[in-house]
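Me: Could you take a close look at one part of this model for me, the helix packing, and then walk outward to whatever else is worth a glance? Keep it casual.

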Amino acid sequence: MGSLSAELLLLRRRAANWILLAIAVVLTLFFAYVLPYYAYVSDSGAPGFRTELSALLPEGFVATLASGFPFYLGILGLILGVLVFGSEYGWATLKTTLMQRPGRVRWLLAKLGALAIAVVVATVAVYASGALVSVAVALREGAAITWPSAGEILRGMGAGWLIMALWTLLGVLLAVLSRGTALALGLGILYGLVVEGLVSGFGNSIALLHDVSLAFLRTNAYSLVAPLTGRTTEAGGPGVFNGPFVDPWQALVVIAGYIVVFAGVSAVVLARRDVT
Amino acid sequence: MTTDFAIETDGLTKRYSEHILAVDGVTLRVRRGEVYGFVGPNGAGKTTTMRMLVGLIRPSAGQARVLGKPPGSPDSLARVGAMIEAPGFYPFLSGRDNLRVMARHAGVPEKRIDTILEQVGLADRASDQFGTYSMGMKQRLGLAAALLKDPELLILDEPTSGLDPEGIAEMRDFVRQLAQGERTVFLSSHLMTEVEQICDRIGIIRRGRLVAEGTLDELRGQPELHLRAKPLDRARRMVESLPYVERLIADDGKLVLTMDLKRVGELNRQLVSADVEVTELTPARTSLEEVYFDLVQAEQAGDVEGVISRG
């Protein structure tokens, strides 16, 4: 518990983590509410991207917010994972900490535990802020305030947490492998925003790439939230995922598998490699 | 291996690649309660050896025990405090909060932190961010982290590195204080005078190999006596006849004698009674630096056996 509380203290005191949380909330509100609401009131939505008012009301807040996790919230999770682990190499604090006693695996578990809690905080903050704004929209539009079921809210938060944890762990793995932040951030963002997207795009014409893209983080993350968002087919609009989709339960298993693999490989590398 | 020693290594080796052999079969013993100086030039293998002793890197061959335990094991680290190279801390945290993080990882009560901060003279700046600290303050915080566990064994790698002369003197005094009592200190440095002043025993490492080990006196050998006298020839004949003078060398207008220094008074009386005017009679000891360069020369000449046996 001592190591976990040490890591929580570190997370709390680092301004960069709060800035990331603020960015997560601001991006969510901007892309999930501000832009769509502007499009709704000005009736300027592009074809295929017409905003339904119901998506902006409390009854639709889980579906609206869940679709942000596989995209920008996942990338923010990746940045969090890279910063938390990569900085330990850059500041040489890994060396100082390991000499104190905790043991490498215990240190890793403490850090992952703290990150898991941080991702819970981020997920709750995203949903809470989205819920508040949806109430504001309902009040402005004179619409009824009807909340989704508790089960749906929990499923949405669970899926959001799992997806963000997945990307966070990819960040952790990249930081541990590269022993720093810069390369890990570059590779992670390149992979998350470019490689998966391009390969998926070519998957429409090359069967092999289509099969490969079924294993992608984005594919499985979007597939996991698909029952919540109702988006399982191609749709237009900025940042909208065009597939392919897999069965949500399959996606759950694949994401859980990735989490185990990313954490496991990080643990093995950390345990075996010299700290120089 | 027994636990009579704080540190025991046998053939400890670290090879990074086919061409880079950082530590080459180092076998050393650090006794409990002593201050052991580990000296050598930059790149000699001091830091790599220390990193192996705290489990940061794994040996390629050989073995080590630290306080009777495998290096880097939680049992060993619980009783070891270490500062290896420049201290690494979180720049956004204060000195005190950095120690709080370390104390929680070490399982040490946080109430010890203020005591340690006082001890290292950092109490006044403990609330300031580490990123604002001077080099000397960073070193002090590194030392504070090493002392958190009130360790039986303190491993300090170049603790005066980057410090100004005043800081070096303060750190030297501080290490002396820490070494009082039962605590063992294993200290590395490339500053021979620093080690000379603090350490009970010394190991000299060069190119990854321990080339000598012993007390300062053992390494420096028997002290010499420098004699200037008039007339020098008469003095020389006189000294040559004395049975307790083991060795005599004429050097640049003076005589260099190797003998038991307790008999200097007797020597002086005998010279004066032989009508020799003694103008200088000074004991002179080889410095550790001179010992080091002698060893380097011997090693370069291929006299490996001579080098190792010196310790």
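Reply: Sure. Let's start with helix H8 (residues 150-178) and helix H11 (residues 217-229), both of chain A, which pack with their axes 9 Å apart and at an angle of about 175°. Keep in mind that this is a predicted model. Angles over 145 degrees count as roughly antiparallel, so H8(A) is roughly antiparallel to H11(A). On the H8(A) side, the contact is made by A:Glu152, A:Arg155, A:Gly156, A:Ala159, A:Leu162, A:Ile163, A:Leu166, A:Trp167 and A:Leu170. H11(A) answers with A:Leu217, A:Arg218, A:Ala221, A:Leu224, A:Val225 and A:Leu228.

Now for the surface. A nonpolar patch there is formed by A:Leu190, A:Leu193, A:Val194, A:Val195, A:Leu198, A:Phe202, A:Ile206, A:Leu208 and A:Val212, and together they have about 780 Å² of accessible area. Two elements of chain A, helix H9 (182-203) and helix H10 (207-213), each give two or more residues to the patch. H9(A) gives the most, with six residues. One patch member to click on is A:Leu193, which sits in helix H9 of chain A. With a relative accessible area of 43%, A:Leu193 counts as partly exposed, because that class runs between 20% and 50%.

For a buried residue, try A:Ser87, in helix H5 (residues 69-90) of chain A. Its relative accessible area is 8%, and buried means under 20%, so A:Ser87 qualifies. Setting aside neighbours within four places in sequence, A:Ser87 is in contact with A:Arg14, A:Val82, A:Ala92, A:Thr93 and A:Thr181.

Terms used:
Residues are numbered from 1 along each chain as its sequence is written. Chains are lettered from A and ligands numbered from 1 in the order in which they are written. This is a predicted model: local features need pLDDT of at least 70, side-chain atom pairs count only at pLDDT 80 or more; totals for chains, interfaces and linings use all residues. Side-chain values use heavy atoms; hydrogens and water are left out. Patches are made of residues with over 30% relative accessible area and no salt bridge: like charges are joined within 9 Å, nonpolar side chains (Val, Leu, Ile, Met, Phe, Trp, Tyr) within 5 Å. Accessible areas come from the Shrake-Rupley method with a 1.4 Å probe; for residues, only the protein chains shown count as cover. A salt bridge is a side-chain nitrogen of Lys or Arg within 4 Å of a carboxyl oxygen of Asp or Glu. Helices (H or I, at least four residues) and strands (E, at least two) are DSSP runs, numbered from the N terminus. Buried means under 20% relative accessible area, exposed over 50%, partly exposed in between (1.4 Å probe, protein chains only). Contact means heavy atoms within 4.5 Å. Axes are lines fitted to C-alpha atoms, for helices over the stretch in contact, and angles run from 0 to 180 degrees between N-to-C directions. Angles under 35 degrees count as roughly parallel, over 145 as roughly antiparallel, 65 to 115 as roughly perpendicular and the rest as oblique.
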